[in-house]
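I opened this model to look up a few things about the fold, one helix pair and some single residues. My entries follow in the order I made them.

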Amino acid sequence: MLFFKLAVLIILSLVLVRVARHSIRIQKKLRMQVQKTLQEKGWSRSADLYYGKSWIAVYQKLLYRQIVLVNEDLLTFDELRKAVIMALLSNVSQMKIYCNQITPHARKALHMLSKSRKVHGIKLDTRESVRC
């Protein structure tokens with residue numbers, strides 16, 4: 001009986017490790033694609049950070065700055081809030097969001113941000129359903 005429990009535990013741990021590696025690989029692939037296209041266009045990364053399953057980076061080209069938010073799964077309000085705070089502190093002119101899905105709270109926040117563009121001056125560009 002103990003041998004059976006141990007075998008099940010080992011099999012489940014191997015399956016979970018494989019699922020985790022697959023999701024990390026997808027996120028890295030998407031992030032690398034975004035980095036490659038921005039670098040080809042002349043943008044250079046000046047700062048980046050990881051928050052949960054999101055990667056937030058500040059890119060600069062001459063005097064222009066932009067924030068890039070890459071999310072593997074579901075974009076939540078908290079992750080969007082961190083990116084907006086980073087955008088406001090960095091004085092960026094554009095914010096690009098790459099994600100698979102957006103929660104209703106985050107969607108409403110994006111709508112409110114795009115309505116108040118004259119106040120903060122940040123252009124929002126959202127690309128959903130990005131799968132590699």
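**Entry 1: the chain as a whole**

I began with burial: of the 132 residues of the protein chain, 34% count as buried. I note here that this is a predicted model.

Next I looked up the secondary structure and found four helices and seven strands in the protein chain. Read along the sequence, I get the pattern α-β-β-β-β-α-β-β-α-α-β. The radius of gyration is 18 Å, whereas the globule rule gives 14 Å for 132 residues, so I record the protein chain as more spread out than a compact globule. For the extent of the C-alpha trace along its principal axes I have about 65 × 35 × 25 Å.

I then took the surface and the contacts. The accessible surface of the protein chain is about 9,000 Å², and carbon and sulfur atoms hold 62% of that. For contacts between residues at least 6 apart in sequence, I find that 59% join residues at least 24 apart.

**Entry 2: H2 against H3**

Two packed helices are described by the angle between their axes and the distance between the axes. I looked up both values for helix H2, residues 77-90, and helix H3, residues 104-115: the angle is about 30° and the axes are 8 Å apart. Angles under 35 degrees count as roughly parallel, and H2 and H3 are therefore roughly parallel to each other.

Which residues of H2 meet H3? On the H2 side I list Phe77, Leu80 and Val84. On the H3 side they meet His105, Ala106, Ala109, Leu110 and Leu113. By class, I have seven nonpolar residues and one polar residue in this contact, with no charged residue.

**Entry 3: Ser90**

I stayed with helix H2 and looked up Ser90, which lies in it. Is Ser90 buried or exposed? Its relative accessible area is 14%. The cut-off for buried is under 20%, so I enter Ser90 as buried. With neighbours within four places in sequence left aside, I find Ser90 in contact with Val58 and Arg65.

**Entry 4: positive phi**

Most residues other than glycine have a negative phi. I looked up two residues with a positive value.

Leu62 has a phi near 55° and is not glycine. I place Leu62 in the loop between strand S2 (54-61) and strand S3 (64-71). Its relative accessible area is 77%, and I enter Leu62 as exposed.

Asn91 likewise has a positive phi, near 55°, in a residue other than glycine. I find Asn91 in the loop between H2 and strand S5 (94-98). Its relative accessibility is 66%, and Asn91 counts as exposed.

**Entry 5: Lys96**

My last residue was Lys96, in strand S5. Where does a relative accessible area of 11% put Lys96, buried or exposed? I enter Lys96 as buried.

I then looked up what Lys96 touches, not counting residues up to four places away in sequence. The list is Gln66, Ile67, Val68, Leu69 and Asp125. I also took the C-alpha separation of Lys96 and Asp125, which is 4.7 Å. Along the chain, Lys96 and Asp125 are 29 residues apart.

Notes: Residues are numbered from 1 along each chain as its sequence is written. This is a predicted model: local features need pLDDT of at least 70, side-chain atom pairs count only at pLDDT 80 or more; totals for chains, interfaces and linings use all residues. Side-chain values use heavy atoms; hydrogens and water are left out. Axes are lines fitted to C-alpha atoms, for helices over the stretch in contact, and angles run from 0 to 180 degrees between N-to-C directions. Angles under 35 degrees count as roughly parallel, over 145 as roughly antiparallel, 65 to 115 as roughly perpendicular and the rest as oblique. Contact means heavy atoms within 4.5 Å. Ala, Val, Leu, Ile, Met, Phe, Trp, Tyr, Cys and Pro count as nonpolar, Asp, Glu, Lys and Arg as charged, and the others, Gly among them, as polar. The radius of gyration is taken over C-alpha atoms; the globule rule is 2.2 Å times the number of residues to the power 0.38. Buried means under 20% relative accessible area, exposed over 50%, partly exposed in between (1.4 Å probe, protein chains only). Accessible areas come from the Shrake-Rupley method with a 1.4 Å probe; for residues, only the protein chains shown count as cover.
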